[in-house]
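Here are my notes on this one, in no great order. Have the structure open while you read.

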Amino acid sequence: IPDISVLRRTNPLFYPLARCAVVGATFPSYWLLERVHYLLPSEEPELGFLDIYFQLSFAEQIAVAVGTVIIGPFVEEMLFRGAIFRPLREKYRAAVVIAITAATFAAIHEDPRKMAPLLLVGIVLGTLRWTSGSLWAPLLFHMGFNAVPFYDLFQLDALPENIDEPVAIQLVVIGAAAFTVAMAALLLVTRKSRTASAARRE
């Protein structure tokens with residue numbers, strides 16, 4: 001039975017800051033993924049996520065969207081930042097537990113070229129879990145991050161050939177700066193918040 005106690009209350013500032021961290025982390029992580037794909041190209045032609053998505057029926061698209069944005073993040077966070085994180089935290093320092101859960105999170109995904117970006121995402125998720133003492137902050141981040149590819153679907157010119165464009169380096173720099181500010185604010189809240197401190201002790 002999943003331990004839902006990890007969905008405990010924490011400082012409410014963690015929720016908007018997790019959303020801000022999503023916006024900031026998106027561009028650098030996608031840029032890193034592009035660099036990895038450029039350096040390690042696939043030997044066989046491959047379809048991107050949106051290429052496949054456009055080939056599905058409407059009902060299948062809805063099912064994929066719900067699974068990707070809601071169900072998938074919930075299950076993965078309950079596993080990695082819940083069932084695995086909590087018992088490890090009783091034995092090891094937070095940094096060690098964050099590293100273990102992030103590496104495991106990255107390793108379960110099929111494409112090894114995605115491991116570097118997903119490892120960084122896993123570190124952020126683990127940091128959110130540790131600083132907030134709750135699963136809500138990493139869950140919001142994870143859902144927001146997985147929702148990013150669907151943003152293009154709401155554009156009027158949302159065709160596969162118009163979507164797979166390189167991430168502009170300016171956006172990477174701005175995103176990295178925004179992410180750094182958001183994480184610095186998270187750490188500040190962590191130090192000052194009694195609610196977060198109490199959540200970490202539960």
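The points below cover a surface patch, a core residue and a helix.

1. Ground rules: this is a predicted model, where local features need pLDDT of at least 70, side-chain atom pairs count only at pLDDT 80 or more, and totals for chains, interfaces and linings use all residues. Residues are numbered from 1 along each chain as its sequence is written, and side-chain values use heavy atoms, with hydrogens and water left out.

2. Take a look at the surface patch made by Phe58, Ile62, Val66, Ile70, Ile71, Phe74 and Val75, which is nonpolar and has about 650 Å² of accessible area together (Shrake-Rupley method, 1.4 Å probe, with only the protein chains shown counting as cover for residues). Patch members have over 30% relative accessible area and no salt bridge (a side-chain nitrogen of Lys or Arg within 4 Å of a carboxyl oxygen of Asp or Glu), and nonpolar side chains (Val, Leu, Ile, Met, Phe, Trp, Tyr) are joined within 5 Å, like charges within 9 Å.

3. One of that patch, Ile70, sits in helix α3, residues 58–89 (helices are DSSP runs of H or I, at least four residues, numbered from the N terminus). Ile70 counts as partly exposed because its relative accessibility is 45% (buried is under 20%, exposed over 50%, partly exposed in between; 1.4 Å probe, protein chains only).

4. Val97, in helix α4 (residues 94–107), is buried at 0% relative accessible area. Leaving aside residues up to four places away in sequence, Val97 touches Phe85, Leu88, Arg89 and Tyr92 (contact means heavy atoms within 4.5 Å).

5. Helix α6 is largely enclosed by the rest of the structure, because twelve of its 16 residues are buried; among them are Phe141, His142 and Asn146.

Definitions and conventions: Helices (H or I, at least four residues) and strands (E, at least two) are DSSP runs, numbered from the N terminus.
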